[in-house]
Amino acid sequence: MRTPLIAGNWKMFKTVFEAVAFAKEFKSLVKDVANVDIVLAPPFTAMHPVSEALRASNVAVASQDLFWEKDGAYTGAVSPAMVREAGAEYAIVGHSERRRLFGDTDVAVNRKVRAAIDADLTPIFCVGETLDEREANATLAVLDRQLQGGLDAITGEQVAALVIAYEPVWAIGTGRVATAAQAQDAHAHIRGRLRTWFGADVADRCRILYGGSVKPDNIAELIAEADVDGALVGGASLDVRSFGEIVTNSRRAVI
Ligand code: PGA
């Protein structure tokens, strides 16, 4: 039985002041929600104050990225332990914007996934194809390459505990959501790979989120699919009401 997980990725939005105001309002809005794991990923600058504002609530914090080294001369980088100390329990790793704009390769993403696990953070490991790749019928091959690379040297038990986010790049920030059937196909493929590589038990326990233009009015349809265990939400997580609605519309009878 997999508990649904809804994560909001704020990207480079919200000042500390705005982030804390959101956190305070949001935690009272969702305080009675049970059986859904709720996560917010503010920018680094707001992680600690948001964690403080969410203390003793049912909302956890994620970082949007991290670096794999413990410490050292890495200007601009933030270590897994620093992220943990700032109050995060999760770390988004391998988001397509990091891959595209900041050059994160599959090897780098794998280092980050392993470093997050070593620091007791739950990775939200993102994979997904571009529009060109989908149109060239390369979706499944791209997913295989990203999964194989990102999960290299990770044990079955660790895979069972982490979170995978399937985010077709063409659906991110475009308003062009994948159909529930397209999401289910990709998720079933991902879970099938996990089953082959790590066994049925690991595949059944690992949560696979969908990301890409998730809104209050399409979450129910997406999460009704057998292999969709929640969502990674960008734009619609910036507004308290709309993110709250996504959370409340995401409850389903899980198998
Ligand atoms: P979006 O972003 O919901 O704005 O499409 C999703 C994401 O990038 O995680």
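Here are two short exercises on a predicted model, one about its cysteines and one about its ligand.

**Exercise 1. How many disulfides does the structure hold, and where is the nearest cysteine sulfur for cysteine 126 and for cysteine 206?**

*Solution.*

1. Start with the chemistry: a disulfide covalently joins the sulfur atoms of two cysteines.
2. Next, recall the cut-off, which asks for two cysteine sulfur atoms within 2.5 Å.
3. Now look at cysteine 126: its nearest cysteine sulfur belongs to cysteine 206 and is 12 Å away.
4. Turn to cysteine 206, and the nearest cysteine sulfur is that of cysteine 126, again at 12 Å.
5. Cysteine 126 is therefore in no disulfide, and the count for the structure is zero.
6. As for surroundings, cysteine 126 is buried because its relative accessibility is 1%, and cysteine 206 is buried with a value of 0%.

**Exercise 2. Which residues come nearest to the ligand, and how much of the ligand does the protein bury?**

*Solution.*

1. Begin with the shell: 13 residues surround the ligand, and Lys11, His95, Glu167, Gly173 and Ser213 come nearest.
2. Sort the shell by character, and you get four nonpolar, seven polar and two charged residues.
3. Check the side chains: an N or O atom of lysine 11 sits 2.7 Å from a ligand oxygen, and a side-chain N or O atom of histidine 95 is 2.7 Å from a ligand oxygen.
4. Add the backbone, where an N or O atom of glycine 235 is 2.8 Å from an oxygen of the ligand.
5. Finish with area: the ligand alone exposes 280 Å², of which the protein buries 96%.
6. To place this on the model, note that the ligand takes up the space of the second largest pocket.

Notes. Residues are numbered from 1 along each chain as its sequence is written. This is a predicted model: local features need pLDDT of at least 70, side-chain atom pairs count only at pLDDT 80 or more; totals for chains, interfaces and linings use all residues. Side-chain values use heavy atoms; hydrogens and water are left out. Buried means under 20% relative accessible area, exposed over 50%, partly exposed in between (1.4 Å probe, protein chains only). A residue is near a molecule or strand if one of its heavy atoms lies within 4 Å of it. A polar contact is a pair of N or O atoms within 3.5 Å; within protein, one must be able to donate a hydrogen and the other to accept it, and residues adjacent in sequence count only if both atoms are side-chain atoms. Accessible areas come from the Shrake-Rupley method with a 1.4 Å probe; for residues, only the protein chains shown count as cover. On a 1 Å grid over the protein atoms alone, a cavity is a set of points where a 1.4 Å probe fits but cannot get out, and a pocket is an open set with protein on both sides within 12 Å along at least five of seven lines; lining residues have an atom within 4 Å of a point. A molecule sits in a cavity or pocket if more than half of its atoms lie within 2 Å of its grid points. Ala, Val, Leu, Ile, Met, Phe, Trp, Tyr, Cys and Pro count as nonpolar, Asp, Glu, Lys and Arg as charged, and the others, Gly among them, as polar.
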